[in-house]
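Please find below my notes on the model under review. They are set out as numbered points for discussion.

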Amino acid sequence: MIILKTKPKIKTHLTMKYAITLVLTAFLFISCKETPKKTETSVAEIAKTFPNSITSKLDSLVKTMAVNNKCKFTTIIANKDTKYFSGYDGRTNNVVTDFNVLNEISSCTKMFTATSILQLIEQNKLSLNDPITSIIKDENLEQMLLLDGKNYIDSVKVINLLNHSSGLPDYFGDDLDDVVIERYNDPSLTFTSKELLKQAKAVTANKFIPGSKFTYCNTNYILLGMIIEKISGLTYQEYFKKFIIEPLQLKNTYLKSLNPDITRAQGHFKETPTEIPATLAGSAGEIIASLDDMNTFIRQWYAGKLFKNPETINMLLNDHYMVMSGPIKYGLGVVNLMGLSYGHAGQTFGFQSYMAASPNDYSFAFAIDDANVSAWNEAIIFSSILSQLK
């Protein structure tokens with residue numbers, strides 16, 4: 001789940017976690033700070049360059065973050081004319097020169113899942129207010145949302161899955177990251193969606209009445225994957241490929257469950273190599289991709305290119321948001337980061353990631369190769385820096 005405490009505990013993987021006080025402090029700091037001197041961080045540039053004042057800030061941030069956390073931090077920032085890459089390896093104190101490697105984008109996958117659902121809604125095959133039990137028939141759902149002797153499962157709608165207001169328990173329960181990784185750190189393990197629902201059913205904590213509040217829950221997006229399959233007649237992997245990956249020509253975006261031998265960067269947790277089983281993440285977080293593809297996806301998503309009706313992207317940017325903390329909100333598979341950018345964060349066993357687009361036509365994506373290093377501070381700072389550009 002998302003952690004909303006100033007000094008958060010480390011919770012289950014595939015979460016989006018942050019300390020909100022620290023994040024807001026970082027936002028104010030970067031907004032007021034003088035431009036730092038340019039570092040020696042290597043940068044690959046395509047087309048025109050960004051202002052030196054911006055690239056200097058980003059280069060300094062990349063290197064400092066990587067060194068302080070002993071991780072590899074790689075990023076891309078872009079507008080319609082320009083792409084700017086920067087990276088630094090804090091373990092070896094070397095600049096990064098290869099930006100074509102694949103990283104686990106983890107819960108950024110949820111934007112692919114939500115996009116698929118919205119496409120099906122545009123086709124009138126589904127609606128936001130459809131009860132999930134009218135679509136998915138599974139015995140594990142039947143008693144999953146018992147509260148004070150009352151069963152609320154029939155009250156859970158598609159919209160509640162999308163914006164994490166379902167009240168359903170996460171299939172990882174309330175275990176700490178260390179425990180979950182010790183239990184599942186074996187990429188050869190396989191899981192079905194039905195098995196993940198069974199795990200969720202066994203969790204008794206963190207349930208609530210649907211629609212009453214926000215709690216981040218991976219079970220929601222496993223169910224959305226099942227709905228995609230039920231409505232479309234395709235597996236969610238096939239659907240992603242046919243209606244998102246191929247139309248956007250994402251040449252370096254893969255479903256790990258379909259490509260188990262594909263080479264991706266080594267992930268870590270507290271500097272120890274780790275790897276998540278692809279089907280444990282499923283439609284909640286299994287995609288691996290390059291930074292360039294992450295950037296292409298988020299720019300095309302924000303421009304509404306994945307939808308036929310212009311009102312769909314307008315709804316995604318403006319409606320159905322739940323408060324995560326303060327000015328940070330979660331909508332239909334998208335994080336509104338204080339009005340500065342729209343995108344998503346992700347965490348697997350070995351990575352943290354973020355991708356987002358801003359209203360002034362700038363975008364960014366980054367990957368951190370250690371799951372114990374939070375992405376939220378940098379997402380706020382990146383969004384703040386880019387929001388200042390014309």
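1. The second largest cavity of this predicted model has a volume of about 50 Å³. It belongs to a set of three cavities of 30 Å³ or more that a search of the whole structure returns. Rolling a probe the size of a water molecule over the atoms shows where empty space is left.

2. Which residues line the second largest cavity? The lining consists of Glu-104, Lys-256, Ile-276, Pro-277, Ala-278, Gly-285, Glu-286 and Ile-288. By class, this lining comprises four nonpolar residues, one polar residue and three charged ones.

3. The largest nonpolar core contains 121 residues. Those with the most contacts inside this core are Phe-112, Ile-117, Leu-162, Ile-227, Phe-297, Trp-301 and Tyr-354. As general background, nonpolar side chains tend to be buried together in soluble globular proteins.

4. Leu-162, one of the residues with the most contacts inside the core, merits a separate entry. Setting aside neighbours within four places in sequence, Leu-162 is in contact with Ala-114, Ile-117, Leu-118, Leu-128, Tyr-221, Leu-224, Tyr-330, Gly-331, Leu-332 and Gly-333. Ile-117, included among these partners, is also named with the residues that have the most contacts inside the core.

5. Leu-118, a contact partner of Leu-162, is placed in helix 3, which spans residues 109-122. Is Leu-118 buried or exposed? With a relative accessible area of 1%, Leu-118 is buried, because the cut-off for that class is under 20%. Apart from residues up to four places away in sequence, Leu-118 touches Leu-162, Phe-307, Thr-312, Met-315 and Leu-316. The contact with Leu-316 joins positions 198 residues apart along the chain, and the C-alpha atoms of Leu-118 and Leu-316 are separated by 9.3 Å.

6. Two backbone angles should be noted. His-164 is not a glycine, yet its phi is positive, at about 55°. This residue lies in the loop between helix 5 (158-162) and helix 6 (177-184). His-164 is buried, with a relative accessible area of 0%.

7. Gln-249 likewise has a positive phi, near 55°, in a residue other than glycine. Its location is the loop between helix 9 (236-245) and strand 8 (253-255). What is the exposure class of Gln-249? Gln-249 counts as exposed because its relative accessible area of 55% is over the 50% cut-off. The two positive phi angles are therefore found in contrasting settings: His-164 is buried, whereas Gln-249 is exposed.

How values were computed. Residues are numbered from 1 along each chain as its sequence is written. This is a predicted model: local features need pLDDT of at least 70, side-chain atom pairs count only at pLDDT 80 or more; totals for chains, interfaces and linings use all residues. Side-chain values use heavy atoms; hydrogens and water are left out. Helices (H or I, at least four residues) and strands (E, at least two) are DSSP runs, numbered from the N terminus. Buried means under 20% relative accessible area, exposed over 50%, partly exposed in between (1.4 Å probe, protein chains only). Contact means heavy atoms within 4.5 Å. On a 1 Å grid over the protein atoms alone, a cavity is a set of points where a 1.4 Å probe fits but cannot get out, and a pocket is an open set with protein on both sides within 12 Å along at least five of seven lines; lining residues have an atom within 4 Å of a point. Grid points are joined across faces, edges and corners, and a volume is the space filled by probe spheres set on the points. Ala, Val, Leu, Ile, Met, Phe, Trp, Tyr, Cys and Pro count as nonpolar, Asp, Glu, Lys and Arg as charged, and the others, Gly among them, as polar. A nonpolar core is a set of buried Ala, Val, Leu, Ile, Met, Phe, Trp, Tyr and Cys residues joined through side-chain atoms within 4.5 Å.
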